[in-house]
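Grab your viewer and work through the exercises below. Each one sets a task and then walks through a solution.

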Amino acid sequence: LLQEIQAQNSEYRRSQRQLRKLKTVGCAARTLRNIDVYSVKPRICKIAGMVNQTSGEEITWTEVAEEGESVQPGSVLVRARPFVFAIQPQFKNKVCENCLSFHDEWKGIQLCNRCEVIGYCSEQCRLEHLPIHRVECELCVLRGRKSWPHRAWFVARAVLKCDTEGTLEREPINNHSSRAFQDLMDHYDDITNDPSVGECWYQEVSSLLGSMMPDKEAYLRIYGRLAVNSFALRVDNRGEEENVGTALYRAASIFDHNCTPNATTVFSPGGILEIKSMVSSPSMNLSDFFISYLDEAEPRLNRLAKLSKTWYFTCCCSRCSDPESEKEKHAALCQEACCGGEVHLNIETWDWDACSSCSKHLDSTAKDKYKEIYEIVRLVVDENGGECNFTDVAEFLVKQMEKVFHPLDFELMQAAMSAAQGHYSDKCWKKALYYQDIAIIGIRRHYGLYSGYVGPALQRLAECCHQTGDERACKTVQECNAILTKLPGKTSYSFTKYYLPIYNMICEKKS
């Protein structure tokens, strides 16, 4: 195989000559490996040739904060690009493998005519990615253009990358520190002693790589680093971050988990990941900042189970250590006339508090009704893979809960968020406003101000109010503006592309 690849050097040189003849701006972003996204001067900088795929505009970056500097909400702590990534099969016809732009239109992505596995949005992107894709293409053709499981493809790419570039190449974190693939914890003992892990895609990757496959121990150490340190790969899809695959970011892997995070992730065009501060600090120390590896609003037992199974540790934060903290997540609606207060309960023990407003207790009938509906909701959600992504299902759940559950209840909030998002995407403004009004109450309670949930929720609420003539539109968009100008920030692509037009539209109507 290697001899065959070496024999194609003349074709490669010809393709590079073709590439140099193409215009460098307009079709796609330059390949990420040639871009320095760690520029620290001036405070706002433009990276030559790094353009947005859809708008053709240069992407603007803010400076990465250094250790000891003061930081504010929205300050960039780390900026990283993918060391290795893999696109899920259902998105291979929608996401360009070179610039990672999303194309939902007909034939927006053209698959490689040899392997029919990798797709590109333009000829320029295909040629730019050719040096990386060449080995993968030959392997896929030799294996009969077989489709490979997403995880197996991800690990196989990492194995090839480690074989060709090694594991010691370092990615800058800031001006004083960096991180290499070799620095990541491999959890080898945890993986080999975990019967639920199985073969870790060993057979599938071995079938693809053949003689290029490393020995079992080396493979498992690579797999362990990927399994524990990977992020969901999110790209822009008309204003929403679409989870299209899996990626490993070496610099971003420095952050540990906390169920009350003070930093959050922001994705930019080209798959670049920024970790931004959610708090102010007079002297930044990266070891004092944490992100959440999962949805921090999930129930306590769910969080503990996922963290133990996926990341091999038991969270000891205050929220996970105290079972009573779950009472903030679940609340029944007080059945006393004209009360409407919240009656908290511990879902693990079914211990009930008195109403927070009138101090009265629910009767046994109301408690049984809550428990019955809760079990129905959990059954439906679990049957849908632990999420509620279908608008009609979400609406059904909201109707079951809204007269029994308090709006601050986590389950009601989740279902209302899904229903609101579905109707918002379909531009059914009245229905979207109805469900968004329910959801925003719980979102404010269960998520931090700069967590990435409150700001976008207020943006959708403001637009729904504007489209339906609700007078709250201006006040809501101003509150949203105070959040989004800090995080994701005025220079972020999502702010300028999607939020700013909504803000201007609402403010112009008021004036």
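Is Lys-360 buried, partly exposed or exposed? Before solving that, note that this is a predicted model, where local features need pLDDT of at least 70, side-chain atom pairs count only at pLDDT 80 or more, and totals for chains, interfaces and linings use all residues. Residues are numbered from 1 along each chain as its sequence is written, and side-chain values use heavy atoms, with hydrogens and water left out.

**Exercise 1. Classify Lys-360 and find its salt-bridge partner.**

Step 1: the relative accessible area of Lys-360 is 44%, so Lys-360 is partly exposed (buried means under 20%, exposed over 50%, partly exposed in between, with a 1.4 Å probe and protein chains only).

Step 2: its side chain meets that of Glu-336 in a salt bridge, 3.6 Å from N to O. The term stands for a side-chain nitrogen of Lys or Arg within 4 Å of a carboxyl oxygen of Asp or Glu.

Step 3: Lys-360 sits in the loop between β17 and α10, and Glu-336 in the loop between β15 and β16 (342–346), so the pair links distant parts of the chain, 24 residues apart. Helices (H or I, at least four residues) and strands (E, at least two) are DSSP runs, numbered from the N terminus.

Step 4: Glu-336 is partly exposed too, given its relative accessible area of 35%.

**Exercise 2. Work out how exposed each partner is in the Arg-157 to Glu-97 salt bridge.**

Step 1: the N to O distance for this pair is 2.9 Å.

Step 2: Arg-157 belongs to helix α4 (residues 150–165), while Glu-97 lies in the loop between β4 and β5 (110–111), 60 residues apart.

Step 3: Arg-157 has a relative accessible area of 7% and is therefore buried. Glu-97, at 5%, counts as buried as well.

**Exercise 3. Do the same for Asp-353 and Lys-327.**

Step 1: their side chains form a salt bridge at 2.9 Å, N to O.

Step 2: Asp-353 is in the loop between β17 (351–352) and α10, and Lys-327 in the loop between α9 (318–321) and β15 (331–333), 26 residues apart.

Step 3: Asp-353 is partly exposed at 28% relative accessibility, whereas Lys-327 is buried at 13%.

Step 4: for context, the whole structure has 26 salt bridges. Asp-186, Glu-217, Arg-221 and Arg-225 are linked in a network of them.

**Exercise 4. Describe how α10 packs against α11.**

Step 1: the axes of α10 (residues 364–383) and α11 (residues 391–401) come within 10 Å and cross at roughly 170 degrees. Axes are lines fitted to C-alpha atoms, for helices over the stretch in contact, and angles run from 0 to 180 degrees between N-to-C directions.

Step 2: that crossing angle makes the two helices roughly antiparallel (over 145 degrees).

Step 3: α10 contributes Ile-373, Val-377, Val-380 and Val-381, and α11 contributes Val-393, Leu-397, Gln-400 and Met-401; contact means heavy atoms within 4.5 Å.

**Exercise 5. Lay out the open sheet that holds β4, β9 and β10.**

Step 1: the order of the three strands is β4-β10-β9, with antiparallel pairing (two strands pair if DSSP finds at least two bridges between them).

Step 2: β4 (84–87) and β9 (230–237) are at the edges with a single partner strand each, so one side of each has no neighbour in the sheet.

Step 3: eight bridges join β9 to β10 (residues 240–248), and Val-235 stands opposite Glu-242 in β10.

Step 4: from one strand to the next, the twist averages 45 degrees.

Terms used. Angles under 35 degrees count as roughly parallel, over 145 as roughly antiparallel, 65 to 115 as roughly perpendicular and the rest as oblique.
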